[in-house]
Amino acid sequence: MKIVILAAGIGSRLGNPFPKPLTPLANGKSIMKMQVEHLTKYYNLDDIYVVVGFKKDLIMERFPELTYIYNPFFDRTNTSKSLLQALKKNRDKSVLWLNGDVVFDERLLSILNPYINAQKSFVAVNTSKVAEEEVKYTLNNGYVEQLSKAVKNGLGEAVGINFIAANDIGSFIKRLEECNNDDYFERGLELAVEKDGLQLSAVDISEYDCLEVDFKEDLDDANNLFQK
């Protein structure tokens, strides 16, 4: 399995003059530092790929041990195209990927691992809240049917940590190629569900803290939750 961190975006909503994954937390670590530390307790450092774009050198200099994929169109494309570049490098592998602004409790990986080991594609979700501006989901016969910010009556929020099994990656790549430049990668998953019958599980990680840092309020919440 390969791991992909999506870190190409400008992250303008937070207002940093540097890539959002490098945002410092009150515990003395950056968001990405926490991600890498948590991931490498379960997986091999050499399997981590980072898709970079905006001020890429700052990330690459901070984490020289990681492998990088450059999205030269980071200012004109969204996460669907950044992820597409990474998946094309790993067409025969399963891939766990996460947004570069996700701060999470490392223990949630223990919930995800059984699905990874069984090669079951999934999105990690929080069922304890359903905010209007977040990516939400609905189910059909136990699997994800809709997955976007526009979903009505969502059952929970996608937290930005996801897995595509090796057997599903070919169709997912095809559907990401169909996405518009401004689409999030969730659109590719929706298309794969609709057109290819992708069975995408929603794995509830609500018992552990996990949030995406989009705004200063999110950063304040992250600092309150992750003080060590």
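**Exercise 1.** Which exposure class does Arg 107 fall in, and at what relative accessible area?

*Solution.* Arg 107 has a relative accessible area of 45%, so it is partly exposed. The classes are buried (under 20% relative accessible area), exposed (over 50%) and partly exposed in between, with a 1.4 Å probe and protein chains only. The model is predicted, so local features need pLDDT of at least 70 and side-chain atom pairs count only at pLDDT 80 or more, while totals for chains, interfaces and linings use all residues. Residues are numbered from 1 along each chain as its sequence is written, and side-chain values use heavy atoms, with hydrogens and water left out.

**Exercise 2.** Find the salt-bridge distance between Asp 105 and Arg 107, then treat Lys 93 and Asp 92 likewise.

*Solution.* Start from the criterion: a side-chain nitrogen of Lys or Arg within 4 Å of a carboxyl oxygen of Asp or Glu. Asp 105 and Arg 107 meet it, with N and O 2.7 Å apart. Asp 105 is buried at 13%. Next, the closest N and O atoms of Lys 93 and Asp 92 are 3.4 Å apart, and the two form a salt bridge. Lys 93 is partly exposed at 32%, whereas Asp 92 is exposed at 57%. Over the whole structure, the search gives 15 salt bridges.

**Exercise 3.** Where do Arg 175 and Glu 178 lie, and which network do they belong to?

*Solution.* Both residues are in helix H5 (residues 169–178), three residues apart, or about one turn of the helix. Helices here are DSSP runs of H or I with at least four residues, numbered from the N terminus. Arg 175 is buried at 7%, and Glu 178 is partly exposed at 35%. Salt bridges with shared partners link Arg 175, Glu 178, Lys 195 and Asp 196 in one network. Within it, the N to O distance from Arg 175 to Glu 178 is 2.6 Å.

**Exercise 4.** Describe how H3 packs on H5.

*Solution.* H3 spans residues 79–88, and its axis lies 9 Å from that of H5 at an angle of about 140°. Axes are lines fitted to C-alpha atoms over the stretch in contact, and angles run from 0 to 180 degrees between N-to-C directions. H3 is therefore oblique to H5, since the angle is not under 35 degrees (roughly parallel), over 145 (roughly antiparallel) or 65 to 115 (roughly perpendicular). For contacts (heavy atoms within 4.5 Å), the H3 residues include Leu 83, Leu 84 and Leu 87, and the H5 residues include Phe 172, Ile 173 and Leu 176.

Note on methods:
Helix = DSSP H or I, 4+ residues; strand = E, 2+ residues; numbered from the N terminus.
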